[in-house]
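The following exercises concern the geometry and packing of a protein model. Each task is followed by a solution worked in steps.

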Amino acid sequence: MKILKSLLILFALTVATAEAHAQKPNQDKHTKISDYLHYCYKENIFNGALAVIENGNVIYKESWGNSSISYDSKLTTTTNFLLASLSKQFTASGIMLLRQSGDLGYDDLVKTYLPSFPYESVTIRHLLNQTSGIPEYTTLLNARIEAIAENYNNNGTIINNESLYKLWLSLRPELKFPPGTAFDYSNTNYVFLALIIEKVSGKSYAAYLEENIFEKLNMANSFVITDEQRLQKAEIAHAYKLGIDGDSKKENGLISYIQMVGDGGILSNIDDLILWIQGLSNQVLISSDMIKEATLIPEIEATRSGNYGFGWFIRNLPFNGNKVLTHSGEFRGYSNSFFYDVDADNALIMLSSNTNRYRAEMNQAITRILYGFPYNLPKIGINEIIGPEIVNHGIKAGIQLYSKLKLEAKDKYDFSEPRLNRLGYDLIQANLIEEAIEVFKINVMNFKKSYNVYDSLGEAYFLVGNIDAALKNYEMSLDINPKNQNAKDMISKIKAE
């Protein structure tokens, strides 16, 4: 009996030791991710939520920051974010479910379901793979944005999928290339896919996704933005932009008169998106064969940017060859990322509401932590340090701080041309144009071979009425880049006056 008891104790200790060794790497990764995000939050780089999955297990799930510009509304992992283009994978999955049930085929012509569709040879697959050649609708709307806004203010008229389609039929924009011959990312493709879902299912896009995806995966807080009732009740992170003073925040708000869905328009949160990843992994809704087809790269001229499946970019990790599905989602301050390693069942989901210009760096660092590689903290844009100094203490203090940090902390801060250029334009927007001129001068001094720095300095001089200096800088810009059309136009304008 004593021997049996000793063996049981030894077995328990062995299991406990093995479990401790198995858990330690995940604990280390959790700590590294948490430390990394704490730094990002402290430096105003990140306001959002993150989940990391390894081998199907959630090893990190946390939120950082606030859900609005007030400091008393903390984010949680159930706080909803507008997914923007992360929504495309759900639209594609809606089409896949209709294919799985035999209600449509990927190679069916779009005209089969939208009889007045203006492009004869475009198929559903072309829309899914972004190989249709159909141009971007946002370009079309931006050219008419004042009239659209006025019509909304006077008549309450919104632009949605149906009204965009009618406008498209009246204008009939030309295709950019023959369908299936090239890749061109166009949100219009996924607006039309949403219309096909509605036509085939007989339900609204919102109702179809709710019944066939969200409810079946218990994604209780996910919904489409056109659901006004849910929109009023939901806990939503409000996207904002940090002011040039480094403290004030301005909520971006949503454009109420543009309500397209399919290309975007879904609200969800970290907890629900974990369920979505698990549903993909376990083939709860879509069979493994269907997912394999959805992750095939279109047979067009090979380009990195053209590796688009059904709602995802398709990549292979360079160090092990694993197939990964990735996408980003950017809209009015929301900045989101999706990464799913199909072969290893690893994932990263990041949702942010503070116009996150560091998203790519953060993705890379957290992915490196996940796979056990060294990583770096993001370099903070020098504009985010110098801007508050200029606003609060003047341009001389800002320049002194810039010089000091460049000498003492060049590894911590990003002193690149775009950072100072961004600061200059932020100062112009704050009506601090003389200060902007001094910042642009620093950029010219540091990047003498860049046509853009002279172009920006020329613009600032023009705004304060120093026409001679403006002309001189525009001419310098054109000397460096003879194709700079803005410099050509401004030189002509100045000389005409």
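**Exercise 1: Helix 18 and its partner**

Buried residues of helix 18 include Ala469, Ala470, Leu471, Asn473, Tyr474 and Ser477, where buried means under 20% relative accessible area, exposed over 50%, and partly exposed in between (1.4 Å probe, protein chains only). The model is predicted: local features need pLDDT of at least 70, side-chain atom pairs count only at pLDDT 80 or more, and totals for chains, interfaces and linings use all residues. Residues are numbered from 1 along each chain as its sequence is written, and side-chain values use heavy atoms, with hydrogens and water left out.

Task: Compare the length of helix 18 with its expected span, then state what covers its buried residues and how helix 17 packs against it.

Solution.

Step 1. Helices (H or I, at least four residues) and strands (E, at least two) are DSSP runs, numbered from the N terminus. The expected span of a helix is 1.5 Å times one less than its number of residues. For the 14 residues of helix 18 this gives 20 Å, and the end C-alpha atoms are 20 Å apart, so the two values agree.

Step 2. The cover over the buried residues of helix 18 includes helix 17 and helix 19 (485-496); contact here means heavy atoms within 4.5 Å.

Step 3. Helix 17 (residues 451-463) and helix 18 (residues 467-480) have axes that come within 8 Å and cross at roughly 165°. Helix 17 is therefore roughly antiparallel to helix 18. Axes are lines fitted to C-alpha atoms, for helices over the stretch in contact, and angles run from 0 to 180 degrees between N-to-C directions. Angles under 35 degrees count as roughly parallel, over 145 as roughly antiparallel, 65 to 115 as roughly perpendicular and the rest as oblique.

Step 4. The crossing of these two helices is left-handed, a term that applies if the near helix is turned anticlockwise from the far one by less than a right angle, with right-handed used if clockwise. Among the residues that meet are Tyr451, Tyr454 and Phe462 in helix 17 and Ala469, Asn473 and Ile480 in helix 18.

**Exercise 2: The two sides of helix 14**

Task: Determine which residues of helix 14 are buried and which exposed residues lie on the face turned away from them.

Solution.

Step 1. Helix 14 (residues 395-408) has 14 residues, which should span 20 Å; its end C-alpha atoms are 20 Å apart, in agreement.

Step 2. Ile395, Ala397, Gly398, Tyr402 and Leu405 are buried in helix 14. Viewed down the helix axis, the buried residues of helix 14 fall within an arc of 155°, so they line one face; the arc is that of the directions from the helix axis to the C-beta atoms.

Step 3. The face of helix 14 turned away from the buried side carries the exposed residues Lys396, Gln400, Leu407 and Glu408.

Step 4. Elements covering the buried residues of helix 14 include helix 13 (383-393), strand 13 (413-414), helix 15 (417-429) and helix 16 (433-446).

**Exercise 3: Two further helix pairs**

Task: Classify the packing of helix 6 against helix 7 and of helix 2 against helix 8.

Solution.

Step 1. Helix 6 (residues 161-171) and helix 7 (residues 187-201) pack at about 115°, with their axes 10 Å apart. Helix 6 is therefore roughly perpendicular to helix 7.

Step 2. The crossing of helix 6 and helix 7 is left-handed. Their contact includes Tyr165 and Trp168 in helix 6, and Phe192 and Leu195 in helix 7.

Step 3. Helix 2 (residues 88-100) and helix 8 (residues 205-214) pack at about 75°, with their axes 10 Å apart. This makes helix 2 roughly perpendicular to helix 8. Contributors to the contact include Phe90 and Leu97 of helix 2, and Tyr208 and Ile213 of helix 8.

**Exercise 4: Backbone angles in two loops**

Task: State where Arg172 and Asp345 lie, and whether each is buried or partly exposed.

Solution.

Step 1. Arg172 is in the loop between helix 6 and helix 7. Its phi is near 50°, a positive value in a residue other than glycine. With a relative accessible area of 46%, Arg172 is partly exposed.

Step 2. Asp345 belongs to the loop between strand 10 (334-341) and strand 11 (346-352). Although not a glycine, Asp345 has a positive phi of about 60°. Asp345 is buried, at a relative accessible area of 18%.
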